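I'm opening a fresh page for this one. My plan is to start with the whole chain and then move on to the details.

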Amino acid sequence: MVKIGNITLGNFPLLLAPMEDVSDPPFRAVCKEKGADLMYTEFISSEGLIRDAIKSRRKLDIFDYERPVGIQIFGGDEEPMAMAAQIVEATNPDLLDINYGCPVKKVVCKGAGSGILKDIPKMVKLTAAVVKATKLPVTVKTRLGWDDDTKNIEEVAERLQDVGIQALTIHGRTRTQMYKGHADWTLIGKVKNNPRIHIPIFGNGDICTPEQAIAAREKYGVDGVMIGRAAIGYPWIFNEIKHFMKTGEHLPPPSVLERVEVCKKHLQHSVQWKGDVVGILEMRRHYTNYLKGLPHIKEFRQQLVTCSTLAAVEDVLDAIALHYKDHIIERTSPLTDQSLLPAKNEVADCNVYG
């Protein structure tokens, strides 16, 4: 059984990645319902928390039905990060995660996110300060290194474990890769199989099918996988992986009616948490993913992004369900990487995004 501190996550937990402007409570609610074992908030600025910035404080909202859930923070200075850890602890999450992986320029230029990959001693000191400041289990999400010449994740894993982190998630790309190219799981596997490492190691990057999740477990030995982009508009990915691991069979893809019903739940959660205006507005970014694969959907989608009331949006969604009631959407990967799929002779070796 995989454990982080006193949190038991099962034999091979599936984690929902912390994604900015995506992993809010409404999105987490539908992912939890569809099988996510551990979820994280959007990343939160340590400086923003200290300044009591409204946007940062709002991201601290967590709900009992989400548990276990972790709050993720980022920053480049010890004192603000330690103070932010204490603020986070007061909201009573199950754990605290540090973001050392975000590649976005405005974060990196402050020495935060993956920007700290250029200064490993500073990363270690900052992590130690956070661990010391809170009683919560502290975990880290990071990348392989800054670029191809500095893939130092094996050293990083040992040093972060030594200062007290209780789990590590590794995205299989460098900062210079951003989200391009293929995730390299080879080094993730080396970290997991390092005899010095005793904390859970989770892999992240390009997991979008049950076969790829199994390959990550069998080929690289990771304790679980973190899923990002593949869950956007498709929270069914978690239960599909679990079912395939248990039975070796694929679940049938969700019907159009199922897609619409989950989309409506997501919308309702969004309105409840954000209010009518913002909840409806910010939900618009999700419709394309929920309805992906439906032919001639453009007119309906245009209606969805111009409706201004909950009732109006729900009416359009109901119209979509009726119009496409006999249409079957084939499950297709949102990503193109197939690097985790087994070769024909590898029978045993059957996502700031993942």
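How much area does the protein chain expose, and what share of it do carbon and sulfur atoms supply? I looked this up and got about 15200 Å², with 52% of it from carbon and sulfur atoms. Note to self: this is a predicted model.

**Overall build.** I went through the secondary structure next and found 15 helices and eleven strands in the protein chain. The C-alpha atoms fill a box of roughly 60 × 55 × 35 Å along the principal axes. I then checked the radius of gyration: a compact globule of 354 residues would have one near 20 Å, and the protein chain has 20 Å, so the two agree. Buried residues make up 56% of the 354 residues.

**Charges.** I got 45 positive and 45 negative side chains in the protein chain. The centres of these two sets lie 3 Å apart.

**Helix α10.** I picked out α10, residues 237-247, and asked which of its residues are buried. They are I237, F238, E240, I241 and F244. Why do they sit on the same side of α10? They cover an arc of only 165 degrees around the axis, which puts them there. A reminder I wrote in the margin: an α-helix has 3.6 residues a turn, so residues three or four places apart point the same way.

What do those buried residues pack against? I found β3 (14-16), α1 (25-33), α9 (210-220) and β11 (224-227). Just after α10 comes G248, and I noted its positive phi of about 80 degrees.

**Backbone oddities.** Another margin note: most residues other than glycine have a negative phi, and most peptide bonds are trans. With that in mind I went looking for exceptions.

D21 is one of them: it is not a glycine, yet its phi is positive, at about 65 degrees. I located D21 in the loop between β3 and α1. β3 and α1 are also among the elements that the buried residues of α10 pack against. Is D21 buried or partly exposed? Its relative accessible area is 35%, so I put D21 down as partly exposed.

D52 is another non-glycine residue with a positive phi, near 65 degrees. I found D52 in the loop between α2 (46-50) and α3. D52 counts as partly exposed too, at 47% relative accessibility.

Last, the peptide bonds: the one from R67 to P68 is cis, with omega near 0 degrees. Where is P68 found? I traced P68 to the loop between α3 (54-58) and β6 (69-74).

Notes: Residues numbered from 1 in each chain as written. Predicted model: local features only at pLDDT ≥ 70, side-chain atom pairs only at ≥ 80, totals over all residues. Heavy atoms only, no water. Buried < 20%, exposed > 50% of the residue type's maximum accessible area, 1.4 Å probe, protein only. Helix = DSSP H or I, 4+ residues; strand = E, 2+ residues; numbered from the N terminus. Arc of directions from axis to C-beta. Contact = heavy atoms within 4.5 Å. Rg over C-alpha atoms; globule rule 2.2 N^0.38 Å. Areas by Shrake-Rupley, 256 points an atom, 1.4 Å probe, with all protein chains shown as cover. Lys, Arg positive; Asp, Glu negative; His and termini not counted. Charge placed at Lys NZ, Arg CZ, Asp CG, Glu CD.
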